[in-house]
Amino acid sequence: FRIAVLASGRGSNLQALIAARDAGELPVEFVAVGSDKANAGALDLAKTAGIPFFVLNPRDFATRRDYDFELFARLDASGADLLALAGFMRIIDGDALKPWVGRMINIHPSLLPKYRGLHTHRRALEAGDAEHGASVHYVTAELDGGPVIAQAVIDIRAGDDELSLAQRLLAKEHRLLPAVTRLIADSRLRLTAPDGVEFDGQQ
Ligand code: GRF
């Protein structure tokens, strides 16, 4: 089972996937890591792990569609069975991503459907929520709106700030994303039309 990962930033979720693979807990081959940022830490991680990687700079493209179609051409060429967005900070054109619906997941740091978009930790704190979390969901044309597969939940504690919340949640993300990826790699989870998720609990 071949996976590709897109990341714009430090790539700790990518690192968690690589570590799970190295530990024998995730039976996948990494075929590509892509980024929109030449200085993304995720690219260094890919290099170290010997994973093919590429950068596509949005400034080199006239439109978002042009960018996204080139992005998916690269991913098609990689032969990936699954694409994981792990901190990829771009909105993707709905037509471009359509062929990947059902084969693309994203990790988002909120208990979706709460707090789509940015600044999720701040928004959870400002709302006075008792709980916060992260969601892995299938990607559809609706930003952070595709069917949720699984969530990790943490309590919000007195004295928490954005940083403490982000750090505590990140540790959970690092278990959630490999776990969901494994279910998909093992063919135990799939997207059902139009927006359901089917889980085969049998071993
Ligand atoms: C994570 O919080 C993830 O949920 C969000 O972006 C962050 C990426 O962190 N989508 P990293 O680059 O994987 O360390």
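1. The UniProt binding-site annotation, from an unreviewed entry, takes in R64, M89, R90, I91, I92 and N106. Keep in mind while reading that this is a predicted model. Two of those annotated positions are worth looking up. R90 sits in the loop that runs between strand 4 (82–85) and helix 4 (94–97), and I91 is in the loop between strand 4 and helix 4 as well. On exposure, R90 comes out as partly exposed, having 16 other C-beta atoms within 10 Å. I91 has 12 other C-beta atoms within 10 Å and is classed as exposed, because 12 or fewer is the cut-off for that label.

2. There is also a "binding site" feature in UniProt, again from an unreviewed entry, at G11, S12 and N13. G11 belongs to the loop between strand 1 (2–6) and helix 1, while N13 is part of helix 1. G11 is buried, with 23 other C-beta atoms within 10 Å. N13 is buried too, with 24 C-beta neighbours inside 10 Å.

3. What do G11 and N13 touch, once residues up to four places away in sequence are set aside? For G11 the list is A40, G41, A42 and L45. For N13 it is A86, G87, I107, E173, H174 and L177. Some of these partners turn up again in the helix contacts: A42 and L45 are in helix 2 and face helix 1, and E173, H174 and L177 are in helix 6 and do likewise.

4. On to the helix packing. Two packed helices are described by the angle between their axes and the distance between the axes. For helix 1 (residues 12–22) and helix 2 (residues 41–49), the axes come within 9 Å and the crossing angle is roughly 20 degrees. Helix 1 and helix 2 are therefore roughly parallel, since an angle under 35 degrees counts that way. The crossing of this pair is right-handed.

5. Which residues make the contact between helix 1 and helix 2? On the helix 1 side they are L14, Q15 and I18, and these meet A42, L45 and A49 of helix 2. Sorted by class, the contact holds five nonpolar residues, one polar residue and no charged ones.

6. Helix 1 also packs on helix 6 (residues 162–185): the two axes come within 9 Å and cross at roughly 50 degrees. That angle makes helix 1 oblique to helix 6. The crossing of helix 1 with helix 6 is right-handed.

7. In the helix 1 and helix 6 contact, S12, N13, A16, L17 and A20 from helix 1 meet L170, E173, H174, L177, P178 and T181 from helix 6. The class count there is six nonpolar, four polar and one charged. Note that S12 and N13 are in this contact and are also named in the UniProt feature.

8. One more position to check in helix 6 is A171. It is partly exposed, with 13 other C-beta atoms within 10 Å. A171 and Q15 are 156 residues apart along the chain, and their C-alpha atoms are separated by 12 Å. Q15, for its part, is among the helix 1 residues that meet helix 2.

9. Now for some backbone details. L112 and P113 are joined by a cis peptide bond, with omega at about 15 degrees. P113 lies in the loop between strand 5 (104–108) and helix 5 (120–126). Y115 is in the loop between strand 5 and helix 5 too, and its phi is positive, near 55 degrees, in a residue other than glycine. Is Y115 buried or exposed? Y115 is buried, with 22 other C-beta atoms within 10 Å.

10. D144 is a non-glycine residue with a positive phi, of about 55 degrees. Its place is the loop between strand 6 (131–138) and strand 7. With 20 C-beta neighbours inside 10 Å, D144 counts as buried; the label applies because the cut-off is 20 or more.

11. Last, V148 in strand 7 (residues 148–155). V148 is partly exposed, with 16 other C-beta atoms within 10 Å. Neighbours within four places in sequence aside, V148 is in contact with L112, S135 and H137. The C-alpha atoms of V148 and H137 are separated by 4.1 Å, with their positions 11 residues apart along the chain counted as the separation. L112 is the residue that the cis peptide bond joins to P113.

Terms used:
Residues are numbered from 1 along each chain as its sequence is written. This is a predicted model: local features need pLDDT of at least 70, side-chain atom pairs count only at pLDDT 80 or more; totals for chains, interfaces and linings use all residues. Axes are lines fitted to C-alpha atoms, for helices over the stretch in contact, and angles run from 0 to 180 degrees between N-to-C directions. Helices (H or I, at least four residues) and strands (E, at least two) are DSSP runs, numbered from the N terminus. Angles under 35 degrees count as roughly parallel, over 145 as roughly antiparallel, 65 to 115 as roughly perpendicular and the rest as oblique. A crossing is left-handed if the near helix is turned anticlockwise from the far one by less than a right angle, and right-handed if clockwise. Two residues are in contact if their C-beta atoms, placed from the backbone, lie within 7 Å. Ala, Val, Leu, Ile, Met, Phe, Trp, Tyr, Cys and Pro count as nonpolar, Asp, Glu, Lys and Arg as charged, and the others, Gly among them, as polar. UniProt positions are given in the numbering used here, feature names are shortened, and annotations may be inferred rather than shown by experiment.
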